[in-house]
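Biologist: Could you walk me through the salt bridges in this one, with a close look at the part where several of them join up? I'd like some feel for the whole chain too.

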Amino acid sequence: MPGDATELRLLAWNVLVGGIDGEDEGRRLQQLAFLKSIAPLDLLWIMEATGWHQDGGRRFDDVTAATGLTALPPVTSHIGDRRNHSVMYYRASRLIPTGPASELARGAFHHGVSRVAFHVGGIPLLALGAHLSYAAGALRLSEAHHLADYGRHFAPWPEDSVLLMDSNAPDDTDPEPDDWSAVPQHLWHRYREVRTDGSFGGFDRSARRLLLNSGWRDPQAAVSELREPTVGYWYDNERVPLRLDQALVTGPRIEVVDYRTLNPKIPDLTKLADHLPVLLVIRLHREPITPPVGSAA
């Protein structure tokens, strides 16, 4: 590793209703074992930590025990019964928070988003974790407007930023389905453009395009191998492989080293949640890189 750069491993995972099925916490315990097996991580964004606030928040603490990471205050979805949380964890020995974690535009996000600035070996880094709306493209686009502010330097926040999210919308690399009947018709409105007459077009990628056009970069541009889809295996009536879980980066000091969907055979993560985790590895350089590594330009 170059002496002027710090390598960081970041993971995002939607764990599906907290890894809990009724009274059965078997999935959650296996998820914890997997997180322990891939340590060390430097930043972890967990979504759908449903019910983890109960029993004194011990399930939040279980992730800390398994990974050695420190939890930031959870973000609670304002939709539903307020049991659905997202939470960001960080490695305190390497990332030093420089201000309180905050939720952007509280109430303007379907599920929520976290924002925190760190110092990494003295280098500022902004980390954003988001869980965007599943309900409609128009809602996701509204949420993306808040995130687009950080596509370029948005003082007083750090210039170099990373965004981890369940975008609930396809990646640029996801092809249009040959047969839309593979997606239940009553769910088309979630993924497809809705024309003014109520009819449907192709995939609604407007939120993602807004972010990319605002300066955020796709890590896929910096790696040679196309990562695997993160969904499309769990529900029998929705077998469409998509890369709904994504990362974006921006800033002149971030070099993308690796970007992949984790899908090992042992343990079989397709049995543990309806989303597969996404791993992003970056190097944060002390001085700007020209041009930024990972830029599509």
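**The chain and its charged pairs**

Modeller: Let's begin with the overall build. The chain has 297 residues, and a compact globule of that length would have a radius of gyration near 19 Å; the value here is 18 Å, so the two agree. Keep in mind that this is a predicted model. Along the principal axes, the C-alpha atoms fill a box of roughly 55 × 45 × 40 Å. The chain is made up of five helices and 14 strands, and 55% of its residues count as buried. Take the contacts between residues at least 6 apart in sequence: 72% of them join residues at least 24 apart. On the outside, the chain exposes about 12700 Å², with carbon and sulfur atoms supplying 52% of that area.

Now for the charges. The chain carries 30 positive and 38 negative ones, and the mean positions of the two sets are 3 Å apart. Side chains of opposite charge can pair when their charged atoms come close. In this structure there are 20 salt bridges.

The part you asked about is a network of salt bridges that links Glu25, Arg28, Asp55, Arg58, Arg59 and Asp62. Arg28 is a good place to start. One of its partners is Glu25, with the closest N and O atoms 2.7 Å apart. Are these two buried or exposed? Arg28 has a relative accessibility of just 4%, so it counts as buried. Glu25 is at 18%, and because the cut-off for buried is under 20%, Glu25 is buried as well.

Arg28 also forms a salt bridge with Asp62, at 2.8 Å from N to O. This pair ties together distant parts of the chain: Arg28 sits in helix H1 (residues 26-37) and Asp62 in helix H2 (residues 58-67), 34 residues apart. Asp62 has 25% relative accessibility, so it counts as partly exposed. So within the network, Arg28 is a buried residue that pairs with Glu25 and with Asp62.

For another charged pair, look at Asp160 and Arg253, whose closest N and O atoms are 3.0 Å apart in a salt bridge. Here too the pair links distant parts of the chain, 93 residues apart: Asp160 is in the loop between helix H3 (137-148) and strand E9 (161-166), while Arg253 is in the loop between strand E12 (245-250) and strand E13 (254-261). Both Asp160 and Arg253 are buried.

Two other residues help fill in the picture. Val120, in strand E7 (residues 112-120), is buried, with a relative accessible area of 1%. Leaving aside neighbours within four places in sequence, Val120 is in contact with Thr6, Leu8, Arg94, Leu95, Leu125 and Leu284. Leu139 is 19 residues from Val120 along the chain, and their C-alpha atoms are separated by 34 Å.

Glu287, on the other hand, lies in the segment after strand E14 (278-285). With a relative accessible area of 51%, Glu287 is exposed. Glu287 and Asp166 are 121 residues apart along the chain, and 31 Å separates their C-alpha atoms.

Terms used. Residues numbered from 1 in each chain as written. Predicted model: local features only at pLDDT ≥ 70, side-chain atom pairs only at ≥ 80, totals over all residues. Heavy atoms only, no water. Salt bridge = Lys/Arg side-chain N within 4 Å of Asp/Glu carboxyl O. Buried < 20%, exposed > 50% of the residue type's maximum accessible area, 1.4 Å probe, protein only. Helix = DSSP H or I, 4+ residues; strand = E, 2+ residues; numbered from the N terminus. Rg over C-alpha atoms; globule rule 2.2 N^0.38 Å. Contact = heavy atoms within 4.5 Å. Areas by Shrake-Rupley, 256 points an atom, 1.4 Å probe, with all protein chains shown as cover. Lys, Arg positive; Asp, Glu negative; His and termini not counted. Charge placed at Lys NZ, Arg CZ, Asp CG, Glu CD.
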